[in-house]
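User: Could you take a close look at one part of this model for me, the surroundings of the ligand? I'd like the contacts, and then whatever you can say about the strand at the start of the chain.

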Amino acid sequence: MSLLTTEIKLLDESQTIDFSGVVARLVANVNGFEKGLIFYLNGDLGAGKSFFSRAFVQHFIPGQKVKSPTYTIVESYNFSINAIHHLDLYRLCDPEELEYLAIRDLFKENFIALIEWPQKGAPILPTADVEFEFQYESVGRTVKVTAISEKGKSLVAQILATYKTV
Ligand SMILES: Nc1ncnc2c1ncn2[C@@H]1O[C@H](COP(=O)(O)OP(=O)(O)OP(=O)(O)O)[C@@H](O)[C@H]1O
Ligand SMILES: [Mg+2]
């Protein structure tokens, strides 16, 4: 099996917003909410994880206020039967804290999860379907996109196809 992975240049903020729009559209194409897809968002402080997440949520809920879940750990956004759960585990002292947040209830049906600092939740946090790693560059950022699960593959294949042609 070839590893489904690609690196995409995001030269400025508008390209990060465009990328979030591509991902949002393709998530809809592959019935991502029905599948229940978990995205791990990796990268250093300030790399663009929350910025991407805000734009992603706003694609589905225009004008929605999206604050970083740094202190609340989880922020959920509901629309029709779907939910987007945005998590930031940076401040988690112990992965056990996820049990108190009833984390398993979040990952049941019709959801997308965007999870910043997922390594802080191991081994309690469910594994990823897709990983995005945001990296600083001399100009802008790159995002490395990798399919982790079978469920994540069709989405990543479509992201690859989209960025091959632009
Ligand atoms: N492609 C890009 N080029 C340059 N700057 C960008 C790009 N995309 C996003 N940014 C900027 O990068 C910053 C990212 O901040 P953000 O809060 O998203 O970081 P983060 O990865 O969530 O960090 P933390 O780990 O602290 O939560 C924002 O100021 C945003 O404007
Ligand atoms: Mg953040």
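**Around ligand 1**

Analyst: Let's start with Lys-49: an N or O atom in its side chain sits 2.8 Å from an oxygen atom of ligand 1. Keep in mind that this is a predicted model. Arg-141 does much the same job on paper, with a side-chain N or O atom 2.9 Å from an oxygen atom of the ligand. Then there's Glu-13, where a polar side-chain atom lies 2.2 Å from a ligand oxygen. On its own, ligand 1 would expose 660 Å², and the protein buries 75% of that.

Zooming out, 17 residues surround the ligand, and the nearest of them are Glu-13, Gly-46, Lys-49, Ser-50 and Phe-51. By type, that shell splits into seven charged, five polar and five nonpolar residues. Where do they come from? Helix 1 (13-29) and helix 3 (49-60) each put in at least two, and helix 3 gives the largest share, with three residues.

Now for the strand. Strand 1 covers residues 5-10, and its side chains alternate: Thr-6, Ile-8 and Leu-10 face one way and are buried, whereas Thr-5, Glu-7 and Lys-9 face the other way and are not. That fits the usual pattern, since side chains in a regular strand alternate between the two faces of the sheet. Strand 1 runs antiparallel to strand 7 (residues 141-147), and six bridges join the two. One of the residues on the buried face, Thr-6, has Val-145 of strand 7 as its bridge partner.

Notes:
Residues numbered from 1 in each chain as written. Chains lettered and ligands numbered in written order. Predicted model: local features only at pLDDT ≥ 70, side-chain atom pairs only at ≥ 80, totals over all residues. Heavy atoms only, no water. Near = heavy atom within 4 Å. Polar contact = N/O pair within 3.5 Å; in protein donor to acceptor, adjacent residues only side chain to side chain. Areas by Shrake-Rupley, 256 points an atom, 1.4 Å probe, with all protein chains shown as cover. Helix = DSSP H or I, 4+ residues; strand = E, 2+ residues; numbered from the N terminus. Nonpolar A, V, L, I, M, F, W, Y, C, P; charged D, E, K, R; others polar. Buried < 20%, exposed > 50% of the residue type's maximum accessible area, 1.4 Å probe, protein only. Pairing = 2+ DSSP bridges.
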